[in-house]
2 protein chains.
Amino acid sequence: MKKVRAENYGIRPDTGADHGEDFRRMFRENPQGAAFLLQPGRYDFYRENALHRELFLSNSDDVPERNLALLLEGMENAVLDGGGAEFVFHGPMMPVTLLDCKDVTVKNLAIDWEIPLSAEGEVREAAGNEIQVFIDPKKYPCRAENGALIFTGENWEEPLRHAVEFDVSTGKVRYDTGDCFPKVEAAELGEGLFRLKGDFSRLPQPGNVLVLRHSPRVHAGIFADSCREVSFEHLNIHSTGGLGVLCQFCEDLNFVDVNLVPDRKNGRRFLSGHDDGLHLSNNRGVITVEGCCFEGLMDDPLNVHGTSVRIAEMMDSHTLRGEFVHPQSLGFSRWALPGQEVSFLNRRSLKSLGTAIVKSFSLLSKGEFVIAFDGKIPEEIGAGDALENLTNTPSLICRRNLFGSGRARGILVSTPKPVLIEQNLFESSGCAILLAGDANQWYESGSCRDVVIRDNVFRDCCLTSDYQFCDGVISICPEVPEPDADAPFHSGIRIAGNVFHLYDAPLLYAKSTAGLLFSGNRLFRSHAYKPRHPQKALFTFDCCSDVNVGKNWVTGKLVSDEISIARMEEKEISCEDYEISVEQL
Amino acid sequence: MKKVRAENYGIRPDTGADHGEDFRRMFRENPQGAAFLLQPGRYDFYRENALHRELFLSNSDDVPERNLALLLEGMENAVLDGGGAEFVFHGPMMPVTLLDCKDVTVKNLAIDWEIPLSAEGEVREAAGNEIQVFIDPKKYPCRAENGALIFTGENWEEPLRHAVEFDVSTGKVRYDTGDCFPKVEAAELGEGLFRLKGDFSRLPQPGNVLVLRHSPRVHAGIFADSCREVSFEHLNIHSTGGLGVLCQFCEDLNFVDVNLVPDRKNGRRFLSGHDDGLHLSNNRGVITVEGCCFEGLMDDPLNVHGTSVRIAEMMDSHTLRGEFVHPQSLGFSRWALPGQEVSFLNRRSLKSLGTAIVKSFSLLSKGEFVIAFDGKIPEEIGAGDALENLTNTPSLICRRNLFGSGRARGILVSTPKPVLIEQNLFESSGCAILLAGDANQWYESGSCRDVVIRDNVFRDCCLTSDYQFCDGVISICPEVPEPDADAPFHSGIRIAGNVFHLYDAPLLYAKSTAGLLFSGNRLFRSHAYKPRHPQKALFTFDCCSDVNVGKNWVTGKLVSDEISIARMEEKEISCEDYEISVEQL
């Protein structure tokens, strides 16, 4: 592999100059077999010098074009080795974009913003319906205007949208706060000091830090579309203007020591990425996530799913017009490729009524497409039902990661391929693991068929705040309007050899799931927080079958030891007194 | 086994009357083969009606006599089943005493005090050199007198001795406070409100709770001396006037679901036992500790050791005069029995210079004894050197316990017999596990030869405060004044398959240890606290040999990845890149 030194393209650290175009030229001129080597130091990138490109990003706001710094397009067999370089961005933009690449590694880089696209403030006073917050004007310039708190950056302005409170004594999202921050009216009281008035159902604690969310979800930290064999190694992403790393329509992805964590060089910070950590949608092959840290994120650290789409009109027995429903997931020109397998889902039961091989796929607009199949579309399928692409589903190995405290959950995973989640540490403020799936609201698809969750540690801070679908520390919660006991949405889920430290009742919630084993786990009671969850049973099963709650070990008196069931018979639950070893799974 | 109903002895719950003598009579009249059954409910016991007995308790203050409630003496094949009864004590006394029993089980009981022998107060204000503390006069009556804070109970008064601060937001001993509470001068400001003046190096936080320690360490919650085959099951001990459960000179002990935890019936409480949880000294056979919880203790949850003694005078080649040195461990008339094996230790190196079989042992006073041996005493041994009893050393199985937050460490263990510590959860504010041993200060003896520490979870609150000998989350820290590399104090220690969540550098400290394996562990970085420990390396080895730091897994950037060595050669450390499975240990 040939070594390409960035300095030969005029790219030098610590100059303050924007080398975005130099980088892009370097990549264009060496499309194959190159190791790009950087000198350590700081590299700056400005929105003004960015490349503009129309790109459709999964689960991100739809905008006419994105601002790109580094662009690797159609490259093969390449390594971008930052050598410890720090990339600092100015304004909304996408640091690294990979399009149609193969066998590419990005490593040894840090990514941050001069003025991050989220802000922080310290609560100084709180009483009644108002709080006072100090927002360091050097780090996060802002002003109050007509009651709005307006953050200002390098040629951008954005109003406050939402805030999340971090407990400074623990470094975690404060107990029982979650998404409860209200709409506020702002007034400036002095240099950096603001009064925020609102209907505070839970008043923030003076001394605590608010992560102040502004700006839309437009640019991922790293974006990869339609790539194969991509590795990300030893990356520290300290802030983003959207998802952390977004990979879509890719095959075989590898993440090692990729950290979405607050920058702590200049004192304690709580914010890291603007939204999710690793958002991996519509991929295939094997995804490996190992030794990564996620802390201070404003949405789920790891989200693996497909995108389901709605049938708008049956055109003939082999052809239909479909639409992308979720407004943040549009314009996927490669949602299906000829030869891929697509499943037809009943919109109420989410039951597959058959599959077919794609013959052709073409967009009519960013919201609509026509798809034709080699075989006939099942007769029961009609407008309003859904499609999912079964070829674009990956298997996942997720090992020894730290799912630290942040807004929302730990892992979301929805894929029929094998999933192994082992030896991780969870400190999520919502549920630790969510197996979701729906075709009615988020249109994030994927029935699970083979999931092993073993040898993980779930800390007592899990499930200390409320977010959607968090009905247990592990929540198997597909959105199935009318679950069909004979066609369970998820199946083949084994949870064994884990340590759960529980302050509240709900441990495991499962809906529309067949073949569920929970055995050989150790449950310890915590008194660190007051129980608060509306789910009052240890286990809740709704429309499930073949559930085995085997031998588990309890230390201390749990809040509940009940099993609650609905829409199923008791005989579907067995409590066999045997312990399964982790190796047997 | 015959059923003996307590009601037949006039023992009824919820009367407020003292049934201590009725209990004692019931036990006296049924010395063999009885299951004693209680009705559920509350049983009260008053110091005024206690039995008084001269007893020498290991590691407890020496007093002329102890106040006993229940006494089981010389009993065989008995079960005391509380059936969920709650024993409530009034004044300093020992709830349950077992002397010379065999095959006895005590189960299904709770123990608490009407006015606990430790108190709690809430910090209301704190500034400069004074704090204001509210102490609920109904729960913990007290007054200020000549600057002293005097707690008053049912015919007792005791001055404040010490205090430990609990962080109410986490339920744990507050970070970096430990034993730093100063001597204070008290004044009463109003009903229950006291001003405490002192040299506060770390000012308590308003809103936090202080556990206010008063009273001497006189009465264990449960005391067993010279018993065999004793089981304690399903016990909740919420306060004590000394050690939680003290067993000495016993053989084969079993603890299942024995909890030294705060009572939480009437709101949140932080205090539990006055000192240690399970203090097990000079025992033999197998000790099993499973599924127990320890929270809010004012000293170590589990302490397993022998008592070493000092040689005062060599009387002849086979006989010597010895002395008990630690003022809390005196008068052991059975420190050695004929036929037991005693080791002779050099006081500087703690090296054994030989062993001999005991021929006779007799006390001269509570502080002195004469011991004679079948064989000759080694010639190098003389006055000032030490003896330890090798027969009175137990093996230990410690599994699935919760070592919650409290003052001091998690487990102290010093025994040459096999030790297995597995599947526990540690939240200690000091080090989680201490392998100690000395014959110069505490005279708690026992070189370890075979210790497996596997599959445990060590939370990031471990080692957040300073206490003696806490030089790593696992601290192998015998007090050897002049360690001899050829005669290591401890050996055969394997630490594998554990999860450590580390906010600071020191993970493992070992001194005078040979044969130490640390492999297959997962280390996660925590940012919940600021690093503070004077030990700056991840591993510190002092005068050790045959150390293997094998393949371990790191997630996040640790504070340190260094190995620091002293008084040894680098070649004694190997870093083999292999992972050992927990089963291979």
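The following dialogue concerns a predicted model and treats its chain symmetry and one interface between domains.

Visitor: By what turn and shift can chain A be laid on chain B?

Guide: Two copies of a chain are related by a rotation about an axis and a shift along it. Here, a turn of 180 degrees and a shift of 0.0 Å along the axis lay chain A on chain B with an RMSD of 0.0 Å. The two copies are thus related as by a two-fold rotation axis.

Visitor: Through which surface do the copies meet?

Guide: They meet through the same surface, because 100% of the interface residues of chain A are also interface residues in chain B.

Visitor: Into which domains is chain A divided?

Guide: Domain 1 covers 2–115 + 217–299, domain 2 covers 118–214, domain 3 covers 308–389, and domain 4 covers 414–434 + 447–584. Between domain 1 and domain 3 of chain A, the contact takes 13 residues from the former and nine residues from the latter.

Visitor: How is the area buried between domain 1 and domain 3 of chain A to be described?

Guide: The buried area is about 970 Å², and carbon and sulfur atoms give 48% of that. On the side of domain 1 of chain A, the residues that lose the most area to domain 3 are A:F56, A:D62 and A:F249, together 49% of what that side buries.

Visitor: How many salt bridges and polar contacts does the rule find across this interface of domain 1 and domain 3 of chain A?

Guide: The rule finds two salt bridges and seven residue pairs in polar contact. The residues of domain 1 of chain A that touch domain 3 divide into three nonpolar, six polar and four charged. A:D62 forms a salt bridge with A:K366, with the closest N and O atoms 2.4 Å apart.

Key
Residues numbered from 1 in each chain as written. Chains lettered and ligands numbered in written order. Predicted model: local features only at pLDDT ≥ 70, side-chain atom pairs only at ≥ 80, totals over all residues. Heavy atoms only, no water. Least-squares fit on C-alpha atoms with pLDDT ≥ 70 in both. Contact = heavy atoms within 4.5 Å. Domains from an automatic or database assignment. Buried area = accessible area lost by both parts, 1.4 Å probe. Salt bridge = Lys/Arg side-chain N within 4 Å of Asp/Glu carboxyl O. Polar contact = N/O pair within 3.5 Å; in protein donor to acceptor, adjacent residues only side chain to side chain. Nonpolar A, V, L, I, M, F, W, Y, C, P; charged D, E, K, R; others polar.
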